[in-house]
Amino acid sequence: FCQPGGWRLSRERKAPTFFTVVLTDIDSDRHYCSCLTFYEAEVNLQGSKSMEADGDDDEEPEEGGLIQPAQVFAPKSLILVSRLDYPEIFRGCLGLIYTVYIDSLNFPLESLVANLFTFQVPVAGGSQI
């Protein structure tokens, strides 16, 4: 459900996309799945063209050759599943995780996710503490 168009490689980096899917379980309970899909450079493709051993490093790759690893982008998805329907909040959370990941900030993703989802929300009309 997170890649309705299929898992296709691309020669160009595409803009991130966000959408929500509603899944219903056997008990008719709804689960809201927020998906943020982005494309990342793929560097470990099998069958990529290797450099010649004769030292001709200055030659340009042939047009008919295989796609070089730096020229291929693969889709990745961040998914948040909830029983609550708050797509804009979930979009913001996934966007924050995406930004930390893409910008290679020095912050562990596990800690970020834990901080986003372990805080207590006070009851309406309750104490301010």
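Visitor: Is Phe38 buried or exposed?
Guide: Phe38 is buried, with a relative accessible area of 2%. Keep in mind that this is a predicted model.

Visitor: Which aromatic pair does Phe38 form?
Guide: A search of the whole structure finds two aromatic pairs. In one of them, Phe38 sits with Tyr101, and the geometry is tilted. The rings are 6.0 Å centre to centre, with 55° between the planes.

Visitor: What does that pair tie together?
Guide: Phe38 lies in strand E2 and Tyr101 in helix H1, so the pair links parts that are 63 residues apart in sequence.

Visitor: And Tyr101, how is that one classed?
Guide: Tyr101 is partly exposed, because its relative accessible area is 31% and the buried class stops under 20%.

Visitor: Which residues form the aromatic cluster?
Guide: Phe38, Tyr98 and Tyr101 form one cluster.

Visitor: OK, the core. Which residues make up the largest nonpolar one?
Guide: Twelve residues in all. Among them are Phe18, Leu36, Phe38, Leu80, Phe90, Cys93 and Tyr98. Strand E2 (30–41), helix H1 (87–102) and helix H2 (109–117) are the elements that give two or more residues to this core.

Visitor: Which element gives the largest share?
Guide: H1, with six residues.

Visitor: Why would such residues gather like that?
Guide: In soluble globular proteins, nonpolar side chains tend to be buried together.

Visitor: Pick Val100. What does it touch further along the sequence?
Guide: Val100 is one of the core residues. Leaving out residues up to four places away in sequence, Val100 touches Leu105, Phe107, Leu109 and Leu112. Leu112 is in the core as well.

Visitor: Switching to cysteines. How many disulfides does the structure hold?
Guide: Zero.

Visitor: Are Cys35 and Cys93 buried or exposed?
Guide: Cys35 counts as buried, at 0% relative accessibility. Cys93 is buried too, with a relative accessible area of 12%.

Visitor: Now strand E2. How many of its residues are buried?
Guide: Nine of its twelve, so E2 is mostly covered.

Visitor: Which strands does E2 pair with, and in what sense?
Guide: E2 pairs with E1 (residues 17–24) in the antiparallel sense, over eight bridges. E2 also pairs with E3 (residues 73–82), again antiparallel, over ten bridges.

Visitor: Which bridge partners can I look up?
Guide: Between E1 and E2, Leu23 has His31 as its partner. Val21 has Cys33. On the E3 side, Thr37 has Ser77.

Visitor: What about the hairpin of E1 and E2?
Guide: Five residues lie between the strands. Ser28 takes a positive phi near 65° in that hairpin.

Visitor: Where does Ser34 lie, and is Ser34 buried or exposed?
Guide: Ser34 lies in strand E2. At 1% relative accessibility, Ser34 counts as buried.

Visitor: What does Ser34 touch, not counting residues up to four places away?
Guide: The contacts of Ser34 are Phe18, Phe19, Thr20, Leu78, Ile79, Leu80, Phe90 and Leu94. Phe18, Leu80, Phe90 and Leu94 also appear in the largest nonpolar core.

Visitor: How do side chains run along a regular strand?
Guide: In a regular strand the side chains alternate between the two faces of the sheet.

How values were computed: Residues are numbered from 1 along each chain as its sequence is written. This is a predicted model: local features need pLDDT of at least 70, side-chain atom pairs count only at pLDDT 80 or more; totals for chains, interfaces and linings use all residues. Side-chain values use heavy atoms; hydrogens and water are left out. A disulfide is a pair of cysteine sulfur atoms within 2.5 Å. Buried means under 20% relative accessible area, exposed over 50%, partly exposed in between (1.4 Å probe, protein chains only). A nonpolar core is a set of buried Ala, Val, Leu, Ile, Met, Phe, Trp, Tyr and Cys residues joined through side-chain atoms within 4.5 Å. Helices (H or I, at least four residues) and strands (E, at least two) are DSSP runs, numbered from the N terminus. Contact means heavy atoms within 4.5 Å. Two strands pair if DSSP finds at least two bridges between them. Rings of Phe, Tyr and Trp (its six-membered ring) pair if their centres lie within 6.5 Å; planes under 30 degrees apart count as stacked, over 60 as edge-to-face and the rest as tilted.
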